[in-house]
Amino acid sequence: MSAMNSDRPGLPQELDEALDAVLPILNDMKKSLRATPVASRAALDQLFSLPDSFIKKDPASAAAAVVAPAPPAAQSSAPASGKPSTGDDGRLAKLAELKTKILACTNCTHLVTSRTQVVYGVGNPFSELLFVGEAPGEEEDLRGEPFVGKAGQLLTRIIGAMEYTREEIFIANVLKCRPNMPAGEAGNRKPKPAEMATCLPWLRDQIDLIKPKVIVALGLTAVEGLLGEPRTMRDVRGKWLDYHGVPLMPTYHPAYLLRNQTMAEKRKVWEDMLLVLEKLGRPISAKQRGYFLEKA
Ligand code: SF4
């Protein structure tokens, strides 16, 4: 007979332990939903332009994403519903264990003292699509979630234009802690190659467990962090690379698009995303194919 747990009286110990493993993952998904703006199809014409007001949260859509997950079998090919799968082959427990280790990591002593918290990543742990950025900035460090600033809002728009929601995919950084700044200096800095190399095994473990079909590297720093060697954006953007057997698509970081809001640059990123959708076998509408081909 199973022992009873004092925290949850009456619950068998094995169920209590399973709950302990799964609850952190569910809390992450809940947190993601709370912070997730849902792209409005009517706003697609202004995609990537990031107007004054950010996309408003749509609780009804978010709730629908929670109550209508796709069955695990739908993950073998592009799910027509586009909804996240909650099927589990033991990955939830392993991811929970991995997350506990990452959140407690002290491998970079200089970052441990400056960070607010470790930014593990957010989204669907069964996602076929993984977006990888370089490192948390100030807002991400405070919120504990990647891509929550203006660049994050723009990334959410891009994800929406791909007919995904933020909670259907997974977003993580190469570096899990915010790069420290010199005393008295505000802003963010790029992670150093040595810092990314130190942290990369955590991301590799995440990828091994999430098993995405495609990885999108946002910005050259993320590409270099993943591949461990310098590249030029001219050489890699829009071309399929390989990350340990997973197709890797490098594209511009959303922050770059915020600084360069020309139709031509937006179109480049969008063409990269079209390649990603094709690789995933997702349906692409004529309207989607035509984004940013019009004259400004
Ligand atoms: S950056 Fe990565 S390796 Fe360094 S302390 Fe943070 S989690 Fe650990």
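Which residues of helix 3 are buried? In this predicted model, the buried residues of helix 3 are Arg 91, Leu 92, Leu 95, Ala 96, Leu 98, Lys 99 and Ile 102. Viewed along the axis of helix 3, these buried residues lie within an arc of 165°, so they line one face of the helix. An α-helix has 3.6 residues a turn, so residues three or four places apart point the same way. Helix 3 covers residues 91–103, 13 residues in total. The distance from its first C-alpha to its last is 18 Å, close to the 18 Å expected at 1.5 Å a residue.

**Contact between helix 3 and helix 7**

One of the buried residues of helix 3, Leu 98, is paired in space with Gln 206: the C-alpha atoms are 7.8 Å apart, while 108 residues separate the two in sequence. Gln 206 belongs to helix 7 and counts as buried, with a relative accessibility of 1%.

**Ligand site**

Helix 7, residues 193–210, also takes part in the shell around the ligand, to which it gives the most, with three residues. The ligand is surrounded by Cys 105, Asn 107, Cys 108, Leu 111, Arg 115, Leu 175, Lys 176, Cys 177, Thr 198, Cys 199 and Trp 202. By class, the shell residues divide into seven nonpolar, two polar and two charged. The space that the ligand takes up is the largest cavity.

**Loop residues**

Tyr 120 is located in the loop between helix 4 (109–112) and strand 1 (122–123). Its relative accessible area is 5%, so Tyr 120 is buried. The C-alpha atom of Tyr 120 is separated by 7.5 Å from that of Gly 144, a residue 24 places away along the chain.

Two further loop residues have a positive phi although neither is a glycine: Glu 163 and Lys 211. Their values and places are set out below.

| Residue | Phi | Loop between |
|---|---|---|
| Glu 163 | about 70° | helix 6 (150–161) and strand 3 (170–173) |
| Lys 211 | about 55° | helix 7 and strand 4 (214–218) |

Is Glu 163 buried, partly exposed or exposed? With a relative accessible area of 37%, Glu 163 is partly exposed, whereas Tyr 120 is buried. Lys 211 is in the loop between helix 7 and strand 4, and helix 7 is the element that holds Gln 206.

Key: Residues are numbered from 1 along each chain as its sequence is written. This is a predicted model: local features need pLDDT of at least 70, side-chain atom pairs count only at pLDDT 80 or more; totals for chains, interfaces and linings use all residues. Side-chain values use heavy atoms; hydrogens and water are left out. A residue is near a molecule or strand if one of its heavy atoms lies within 4 Å of it. On a 1 Å grid over the protein atoms alone, a cavity is a set of points where a 1.4 Å probe fits but cannot get out, and a pocket is an open set with protein on both sides within 12 Å along at least five of seven lines; lining residues have an atom within 4 Å of a point. A molecule sits in a cavity or pocket if more than half of its atoms lie within 2 Å of its grid points. Helices (H or I, at least four residues) and strands (E, at least two) are DSSP runs, numbered from the N terminus. Ala, Val, Leu, Ile, Met, Phe, Trp, Tyr, Cys and Pro count as nonpolar, Asp, Glu, Lys and Arg as charged, and the others, Gly among them, as polar. The expected span of a helix is 1.5 Å times one less than its number of residues. Buried means under 20% relative accessible area, exposed over 50%, partly exposed in between (1.4 Å probe, protein chains only). The arc is that of the directions from the helix axis to the C-beta atoms.
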